[in-house]
Amino acid sequence: MMELKGLRQIAPYVPGAQPKVEEMIKLNTNENAYGPSPKVKAVLESFQTDSLRLYSSLDQAPLRHELGQLLGVNPEQIILGNGSDDILSMAFLAFFNSGEPVLFPDLTYGFYKVWADLYHIPYREIPLNERFELETEDYLLQNGGIVLANPNAPTGIYKPLDELEAIIVANQDVVVIVDEAYINFGGQSALPLLDKYENLFITRTYSKDAALAGLRVGYGIGSPKLMGVIHAVKNSVNPYNVNRLSEEVATAATKDWAYYVETCQRIVETRDWFSGKMAELDFEVLPSKTNFVLVEHARVSAQELFNHLESQHIYVRYFPKTERIANKLRISIGTEEEMQKVLEVIDQYLSTQATL
Ligand SMILES: Cc1ncc(COP(=O)(O)O)c(C=O)c1O
């Protein structure tokens with residue numbers, strides 16, 4: 001067969017599995033345990049099917065208006081996307097073109113490295129310290145931009161805002177992207193820094209706090225200067241990147257944010273309770289400000305536990321190829337009942353191991 005010229009070779013991002021099992025506890029992709037706001041259902045029921053004949057909006061003005069009110073930022077400083085993956089991907093294209101290496105931690109959202117490779121952006125992965133924290137000093141060197149998830153994934157660890165600000169201040173000649181996918185589970189947002197720093201770009205998603213992972217809506221917030229550049233990229237890739245249905249649903253969800261404040265608080269409480277219980281079972285639990293925890297047992301391997309949980313239709317995430325966390329499991333926080341069941345299954349398994 002003739003060899004084809006020009007085919008791209010790339011090691012892609014590997015998303016968490018989406019098992020097709022009817023009765024399962026799915027704790028492997030940090031989805032929200034509680035459903036979306038009831039207002040979402042009402043929008044879907046009254047949605048004008050005929051409107052799909054027309055292209056979607058180019059600027060999502062009503063949604064940006066609602067978001068601006070909720071976040072206390074000028075709607076002109078918000079750009080919407082097809083999930084925050086879309087926004088992050090466009091931000092890499094828009095902001096990291098100096099030819100100097102972009103910095104991000106060795107353990108962070110796996111997609112950063114994939115986009116850097118895909119877009120031929122040089123990068124340096126900076127090891128987190130031995131407690132899996134981000135050291136401010138490591139980001140005070142010459143670079144072509146910085147991307148940090150805060151709280152970080154898959155560690156769950158949050159970097160206090162004053163420390164994050166020190167990184168932004170010291171890097172005012174490049175763009176610093178702060179990925180706040182999990183910020184509404186206990187961290188303090190970098191939003192108040194936006195007025196001070198033109199080089200700050202924050203990304204957010206409706207997938208985690210707003211329980212709308214399947215809708216695919218995310219957004220970025222930044223200075224007018226950054227907005228001009230990222231809009232030019234958006235209009236060079238996919239101007240209609242948010243579909244009509246998603247825009248209407250996300251707008252309704254934003255208007256009903258009080259619902260989400262309550263459900264996120266329930267998840268935070270369940271997380272803290274679950275972390276304590278896991279510690280009692282001899283797990284080391286990294287301090288999390290997200291809707292997941294990264295844990296390691298003192299004696300039983302991650303692989304064994306993963307296999308056992310899977311056999312009970314409990315799906316969690318494990319990263320056997322990532323050396324520093326190869327013996328850890330990342331467990332999303334489900335409902336209290338789900339987490340109670342997970343504890344029971346683990347407790348039972350550990351007791352059989354102890355008597356062997
Ligand atoms: C740190 C982080 N950023 C961004 C995303 C992307 O989220 P989405 O594309 O669903 O908005 C995720 C998803 O898991 C994530 O963990």
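The dialogue below looks at how two domains meet in a predicted model.

Colleague: How should I begin reading this chain, and which domains does the assignment give?

Modeller: Begin with the domain bounds, since a domain need not be one unbroken stretch. Here the assignment gives domain 1 as 25-35 + 258-355, and domain 2 as 53-255. Taken over C-alpha atoms, the centres of domain 1 and domain 2 are separated by 27 Å, and the contact takes 25 residues from domain 1 and 28 residues from domain 2.

Colleague: What area is buried between domain 1 and domain 2?

Modeller: For a contact, one looks at the area and then at the atoms that give it. About 2000 Å² is buried between the two domains, and carbon and sulfur atoms give 65% of that area. On the side of domain 1, the residues that lose the most area to domain 2 are Tyr-260, Lys-289 and Arg-324, which together account for 34% of what that side buries.

Colleague: How many salt bridges cross the interface of domain 1 and domain 2?

Modeller: Charged pairs are read one by one, with their distances. The rule finds 1 salt bridge across this interface. Arg-324 forms a salt bridge with Asp-106, in which the closest N and O atoms are 2.9 Å apart. Between the domains there are also 10 residue pairs in polar contact.

Colleague: Which helix or strand supplies at least two residues of the side of domain 1 that touches domain 2?

Modeller: Both helix H8 (257-280) and strand S10 (292-297) do so, and H8 brings the largest share, 5 residues. Sorted by class, that side of domain 1 has 11 nonpolar, 8 polar and 6 charged residues.

Technical notes. Residues numbered from 1 in each chain as written. Predicted model: local features only at pLDDT ≥ 70, side-chain atom pairs only at ≥ 80, totals over all residues. Heavy atoms only, no water. Domains from an automatic or database assignment. Contact = heavy atoms within 4.5 Å. Buried area = accessible area lost by both parts, 1.4 Å probe. Salt bridge = Lys/Arg side-chain N within 4 Å of Asp/Glu carboxyl O. Polar contact = N/O pair within 3.5 Å; in protein donor to acceptor, adjacent residues only side chain to side chain. Helix = DSSP H or I, 4+ residues; strand = E, 2+ residues; numbered from the N terminus. Nonpolar A, V, L, I, M, F, W, Y, C, P; charged D, E, K, R; others polar.
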